[in-house]
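Student: I would like a close look at a single part of this model. Please pick out how the helices pack, and then follow the chain outward from there.

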Amino acid sequence: MTTTRAPLRRSRHNRVFAGVCGGLAEFFGISAFWFRLAFVIALIPGGIPGLVPYLIIWIIIPKASE
């Protein structure tokens, strides 16, 4: 049994800032809350551990088409 996933894209609908967490949530099929929580927890030690991965993902993953 093979399942096909939609390509990884930044969300246009489930977004707070750039749609990164919403896109990851749609791709993996879980709530965007968990990705947002993970990035916030990674920001606590000083910002860089959470900010850099978010910015890299924002640059790499394209926006979802309309």
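Tutor: What follows is a walk through the helix packing, then the segment that leads into it.

This is a predicted model. Begin with the frame. The protein chain has three helices and zero strands. Read in sequence order, the pattern is α-α-α. The C-alpha atoms fill a box of roughly 40 × 25 × 20 Å along the principal axes. The chain counts 66 residues, and 27% of them are buried. About 4,900 Å² of the protein chain is exposed, with carbon and sulfur atoms supplying 67% of that area. Take the contacts between residues at least 6 apart in sequence: 38% of them join residues at least 24 apart.

Now the packing. Two packed helices are described by the angle between their axes and the distance between the axes. Start with H1 and H3. H1 covers residues 20-28, and H3 covers residues 48-60. They pack at an angle of about 75°, and their axes lie 10 Å apart. Angles of 65 to 115 degrees count as roughly perpendicular, so H1 is roughly perpendicular to H3. Which residues make the contact? H1 brings Val 20, Cys 21 and Leu 24. H3 brings Tyr 54, Ile 57 and Trp 58. Sorted by class, this contact has six nonpolar residues, with no polar and no charged ones.

H1 deserves a second look for burial. Its buried residues are Val 20, Cys 21, Gly 22, Gly 23, Leu 24 and Ala 25. Val 20, Cys 21 and Leu 24 are thus on the buried list and also in the contact with H3. What covers the buried residues of H1 includes H2 and H3. Just after H1 comes Gly 29, with a positive phi of about 75°.

Next, H2 and H3. H2 covers residues 32-43. It packs on H3 at an angle of about 135°, with the axes 6 Å apart. An angle over 145 degrees would count as roughly antiparallel; H2 and H3 are therefore oblique to each other. From H2, the contact uses Phe 39, Ala 42 and Leu 43. From H3, it uses Pro 49, Gly 50, Leu 51, Pro 53, Tyr 54 and Ile 57. By class, that gives eight nonpolar residues, one polar and no charged. Two names recur on the H3 side. Tyr 54 and Ile 57 meet H2, and Tyr 54 and Ile 57 also take part in the contact with H1.

Look at one residue of that contact. Leu 43 lies in H2. Is Leu 43 buried or partly exposed? Its relative accessible area is 38%, so Leu 43 is partly exposed. Beyond residues up to four places away in sequence, Leu 43 touches Gly 50 and Leu 51. Lys 63 makes a useful reference point for distance. Leu 43 and Lys 63 are 20 residues apart in sequence, and their C-alpha atoms are 24 Å apart.

Move back to the segment before H1. Ser 11 is found there. Its relative accessibility is 2%, so Ser 11 counts as buried. The side chain of Ser 11 makes polar contacts with backbone. It reaches the backbone nitrogen of His 13 at 3.2 Å. A polar atom of the Ser 11 side chain also lies 2.8 Å from the backbone nitrogen of Asn 14. Set aside neighbours within four places in sequence, and Ser 11 is in contact with Ala 18, Gly 19, Gly 22, Gly 23 and Glu 26. Gly 22 and Gly 23 are among the buried residues of H1. As for H3, the C-alpha atoms of Ser 11 and Ile 57 are 12 Å apart, across 46 residues of sequence.

Arg 12 is also found in the segment before H1. With 33% relative accessibility, Arg 12 counts as partly exposed. The C-alpha atoms of Arg 12 and Gly 23 are separated by 8.2 Å, with the two residues 11 apart along the chain. Which residues does Arg 12 contact, leaving aside neighbours within four places in sequence? They are Lys 63, Ala 64, Ser 65 and Glu 66. With Ala 64 there is a polar contact: the Arg 12 side chain reaches the backbone oxygen of Ala 64 at 2.5 Å.

Conventions
Residues are numbered from 1 along each chain as its sequence is written. This is a predicted model: local features need pLDDT of at least 70, side-chain atom pairs count only at pLDDT 80 or more; totals for chains, interfaces and linings use all residues. Side-chain values use heavy atoms; hydrogens and water are left out. Axes are lines fitted to C-alpha atoms, for helices over the stretch in contact, and angles run from 0 to 180 degrees between N-to-C directions. Helices (H or I, at least four residues) and strands (E, at least two) are DSSP runs, numbered from the N terminus. Angles under 35 degrees count as roughly parallel, over 145 as roughly antiparallel, 65 to 115 as roughly perpendicular and the rest as oblique. Contact means heavy atoms within 4.5 Å. Ala, Val, Leu, Ile, Met, Phe, Trp, Tyr, Cys and Pro count as nonpolar, Asp, Glu, Lys and Arg as charged, and the others, Gly among them, as polar. Buried means under 20% relative accessible area, exposed over 50%, partly exposed in between (1.4 Å probe, protein chains only). Accessible areas come from the Shrake-Rupley method with a 1.4 Å probe; for residues, only the protein chains shown count as cover. A polar contact is a pair of N or O atoms within 3.5 Å; within protein, one must be able to donate a hydrogen and the other to accept it, and residues adjacent in sequence count only if both atoms are side-chain atoms.
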